[in-house]
Amino acid sequence: MFIPSTFRLENSSEKIAFMKQYSFATIITVNDNVPIVMQLPFVVDNSSGKLILSSNFCHSQ
């Protein structure tokens with residue numbers, strides 16, 4: 001995905017701080033040619049020295 005330089009974060013600690021501040025993602029799916037958009041919250045954990053993103057997605061119709 002192209003990211004304009006204005007919005008590009010090069011520093012890992014800046015990226016992690018951004019993810020912790022805005023800890024959600026937009027998930028887009030399609031069902032019968034109808035787009036479905038949902039916000040999915042994440043828990044961002046880097047306390048072990050590794051970056052771990054956790055979430056729970058449950059979709060029902």
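# A tour from F24 along the first hairpin

Start by selecting F24, which sits in strand 1. The model on screen is a predicted one. Colour F24 by accessibility: its relative accessible area is 48%. That value falls below the 50% above which a residue would count as exposed, so F24 is classed as partly exposed.

Keep F24 selected and add L9, F18 and Y22. Together with F24, these residues make up a nonpolar patch on the surface. The accessible area of the four, taken together, is about 390 Å².

Next, select residues 24-31, which are strand 1, and residues 34-41, which are strand 2. What is the sense of their pairing, and over how many bridges does it run? The two strands are antiparallel, and eight bridges join them. For one of the partners, pick A25 and look across to strand 2, where its bridge partner is L40. With the side chains displayed, a general point can be kept in mind: along a regular strand, side chains point to one face of the sheet and then the other in alternation.

Now move to the turn of this hairpin. Two residues lie between strand 1 and strand 2. Select D32 and check its backbone: phi is positive there, near 55°.

Step back to N31, which also belongs to strand 1. Is N31 buried, partly exposed or exposed? The relative accessibility of N31 is 27%, so this residue is partly exposed. The limits that matter here are 20%, under which a residue is buried, and 50%, over which a residue is exposed.

With N31 still selected, add F18 from the patch and draw a distance between the two C-alpha atoms. The distance between them is 31 Å, for a separation of 13 residues along the chain.

Finally, clear the selection and show the whole chain as a cartoon. There is one helix, and there are four strands. Following the chain from the N terminus, the order is α-β-β-β-β. Along the principal axes, the C-alpha atoms occupy a box of roughly 40 × 30 × 15 Å. The radius of gyration is 15 Å, whereas a compact globule of 61 residues would have one near 10 Å.

Switch to a surface view to end the tour. The chain has an accessible surface of about 5,400 Å², and carbon and sulfur atoms contribute 58% of that area. Of the 61 residues, 5% are buried. Among contacts with a separation of 6 or more, 15% are between residues 24 or more positions apart.

Notes
Residues are numbered from 1 along each chain as its sequence is written. This is a predicted model: local features need pLDDT of at least 70, side-chain atom pairs count only at pLDDT 80 or more; totals for chains, interfaces and linings use all residues. Side-chain values use heavy atoms; hydrogens and water are left out. Two strands pair if DSSP finds at least two bridges between them. Patches are made of residues with over 30% relative accessible area and no salt bridge: like charges are joined within 9 Å, nonpolar side chains (Val, Leu, Ile, Met, Phe, Trp, Tyr) within 5 Å. Accessible areas come from the Shrake-Rupley method with a 1.4 Å probe; for residues, only the protein chains shown count as cover. A salt bridge is a side-chain nitrogen of Lys or Arg within 4 Å of a carboxyl oxygen of Asp or Glu. Buried means under 20% relative accessible area, exposed over 50%, partly exposed in between (1.4 Å probe, protein chains only). The radius of gyration is taken over C-alpha atoms; the globule rule is 2.2 Å times the number of residues to the power 0.38. Contact means heavy atoms within 4.5 Å.
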